[in-house]
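This briefing covers a ligand shell, two sheets and two helix packings. Please keep the viewer open while reading.

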Amino acid sequence: MSNNMRVKVNPRFLKIICNKLYDLNPAIIGTRELVQNSHDACIRAAVKPDIKVTLKSGMYNDLSGYWLIVDDNGDGMTADIIENEFLDLGGSYHINETEIGGFGFGAKPVLFSCAYWRVHSLNNEYSLTHLENGDDISKINHRDGTRVEIFIDEVEKPIYQSDVHKIIVMLYLSSLEVDLTLNARGIEFDGKIGFNHLDIQDKLDSVTDDFTARLMPEFIKQDISFSGFNIFRVGGLVQFVEQSNRSTNIRFDLKVNCRPEDDDYPLKLNREDLNWNIRKKVNKVIQRHDENPLTSANTFTHADEDKVYQDGRLLEGLRGYSNYTVNDEIGSDISNLWQALANTSDNKNDPIATLFVEYPDISANDRRILRSWTAIIRIVADISDKFGVGLTSNSIASRYYYKGRTFYLINPSEFVHIPDKEALLLALYHTAIHEASHFYHSSHNEVFTSKMDEISRIAAISIVEVLKPIKRTILRRFRSEDKE
Ligand SMILES: Nc1ncnc2c1ncn2[C@@H]1O[C@H](COP(=O)(O)OP(=O)(O)OP(=O)(O)O)[C@@H](O)[C@H]1O
Ligand SMILES: [Mg+2]
């Protein structure tokens, strides 16, 4: 076969594939792909990006619909690049590691699924009309960079207000400042959106970047909720977002150091989801974050943690004093630990479901702490809360879901420095109240803190009962104060 052999693709077939590839409206995908290409073009040209995005309702011939226009000051495209990269499926040209593209695919499905498009780059112009008529690229006035215009037929691809919101969210949460002009679906806006183009490396290493600290245009504040997102970005640009029912945002900055054809490439072809390998890990982080937002940063490095799960009866909240002393000696193996845990519960012979997360060796001290922890959790947990207990080495403590069950996990090594048994109980008590409050809310908001206060008040009587020695000390002090 000669090297010049080409595979012919029927345009109708191409249009079907391109339409089926994405779930989202082409205005959203188009904004993402065109902005990404412009971003890459500015990196190649080594200029500060000056990117303009316009979405406005309008006409093309007798069709009514929307124009999406993206303008940049990047390196621009020669006629050769337009022909062999911009329009060639799989054609892709990158020289720099910080560029985002690589499939050689991005913008094409958007162009091919829309009613009309045209591109003006340097002194070249090309459009759907050129393509359909078999015309060569036209030579017109020179401009720096590239302008791509796409017309979306409103009948074929209706755009809703929620689609315009998605575009805003995507640009707003990206680390790239663009000039945005909107006049679509009742939303009018003309201004800068996104974030200053910080050094990407700086941003990747920060875990706590707070999106709400950004300047937010007024209309966004009023109309769009910016909470509860799982945000997935490459090179600082949002690829897709998922809405959760939490109130916090989690951002995943994917560092891509392989080719799209590699198994490790993190995104699916349509960039609306992750490849399954990484999806599994990310889901764990999201799950952990849902339980306790403070521990999520910790978890990612422990994504493949080992778990030992011992089935058994779940405990229920008790909110009363359960009989135990922290000094009880507990035997050396797991079955003794179970016996000890069973002793903590109402039914002495029935072991409690227990989970060990990255916890291979259990010392006598660990057993002591786990048993105390179990008793304290029973005092502070909601009466209707059903749970197992366990040890973890990943965080101080957490309320953790495993196999459809809730576990209260404690990390004994965080408490070994406390030699005094009353102080240890108070430290565990405090930690337990925190975790038990996650029964009511996953994030640390006002609902959560007021629940913590409430639990502290309700559980105070029982915990003081547990802390009899301290109680005596307190009473002695009160008595001596009374006398004074
Ligand atoms: N705004 C632009 N300025 C300069 N060159 C561009 C621009 N847009 C596209 N190109 C050129 O067209 C090529 C193809 O773009 P396309 O979006 O299809 O693929 P890609 O960006 O290389 O990879 P990906 O599929 O990951 O987006 C780019 O590699 C680039 O060479
Ligand atoms: Mg691209």
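Two strands pair if DSSP finds at least two bridges between them. Helices (H or I, at least four residues) and strands (E, at least two) are DSSP runs, numbered from the N terminus. The model is predicted, so local features need pLDDT of at least 70 and side-chain atom pairs count only at pLDDT 80 or more, while totals for chains, interfaces and linings use all residues. Residues are numbered from 1 along each chain as its sequence is written, and chains are lettered from A and ligands numbered from 1 in the order in which they are written.

**Three-stranded sheet**

- Three strands form an open sheet with mixed pairing, in the order E10-E9-E11.
- Strand E10 (237-243) and strand E11 (250-254) are the edge strands; each has a single partner strand, so one side of each lacks a neighbour in the sheet.
- From one strand to the next, the twist averages 20° (axes are lines fitted to C-alpha atoms, for helices over the stretch in contact; angles run from 0 to 180 degrees between N-to-C directions).
- Strand E9 (residues 229-234) runs parallel to E11, joined by five bridges.
- Asn230 has Ile250 of E11 as its bridge partner.
- E9 pairs with E10 in the antiparallel sense over six bridges.
- Arg233 stands opposite Val238 in E10.
- E9 and E10 form a hairpin with two residues between them, and Gly235 in the turn has a positive phi of about 55°.

**Eight-stranded sheet**

- A second open sheet has eight strands, also with mixed pairing, in the order E5-E4-E3-E6-E2-E1-E7-E8.
- Strand E5 (138-139) and strand E8 (187-193) stand at its edges; each has a single partner strand, so one side of each is without a neighbour in the sheet.
- Seven bridges pair strand E2 (residues 63-71) with strand E6 (residues 146-153) in the antiparallel sense.
- The bridge partner of Ile69 in E6 is Glu149.
- Helix H2 (26-45) lies across strand E1 (52-60), E2, E6 and strand E7 (178-184), at about 20° to E2.

**Helix H2 against H6**

- The axes of H2 and helix H6 (residues 161-172) come within 9 Å and cross at roughly 20°.
- That makes H2 roughly parallel to H6 (angles under 35 degrees count as roughly parallel, over 145 as roughly antiparallel, 65 to 115 as roughly perpendicular and the rest as oblique).
- The crossing is right-handed (near helix turned clockwise from the far one by less than a right angle; anticlockwise is left-handed).
- Ala27, Ile28, Thr31 and Arg32 of H2 contact Asp163, Lys166, Ile167 and Met170 of H6 (C-beta atoms, placed from the backbone, within 7 Å).

**Helix H12 against H13**

- Helix H12 (residues 364-380) and helix H13 (residues 421-437) have axes that come within 9 Å and cross at roughly 50°.
- H12 and H13 are therefore oblique to each other.
- Their crossing is right-handed.
- Ser372, Trp373, Ile376, Ile377 and Val380 in H12 meet Leu425, Leu428, Tyr429, Ala432, Ile433 and Ala436 in H13.
- This contact has 10 nonpolar, one polar and no charged residues. Ala, Val, Leu, Ile, Met, Phe, Trp, Tyr, Cys and Pro count as nonpolar, Asp, Glu, Lys and Arg as charged, and the others, Gly among them, as polar.

**Shell around ligand 1**

- Of the 26 residues around ligand 1 (C-beta atom, placed from the backbone, within 6 Å), Ala41, Ser92, Gly101, Phe103 and Gly106 come nearest.
- H2 gives the most to this shell, with six residues.
- By class, the shell has eight nonpolar, 12 polar and six charged residues.

Terms used:
Two residues are in contact if their C-beta atoms, placed from the backbone, lie within 7 Å.
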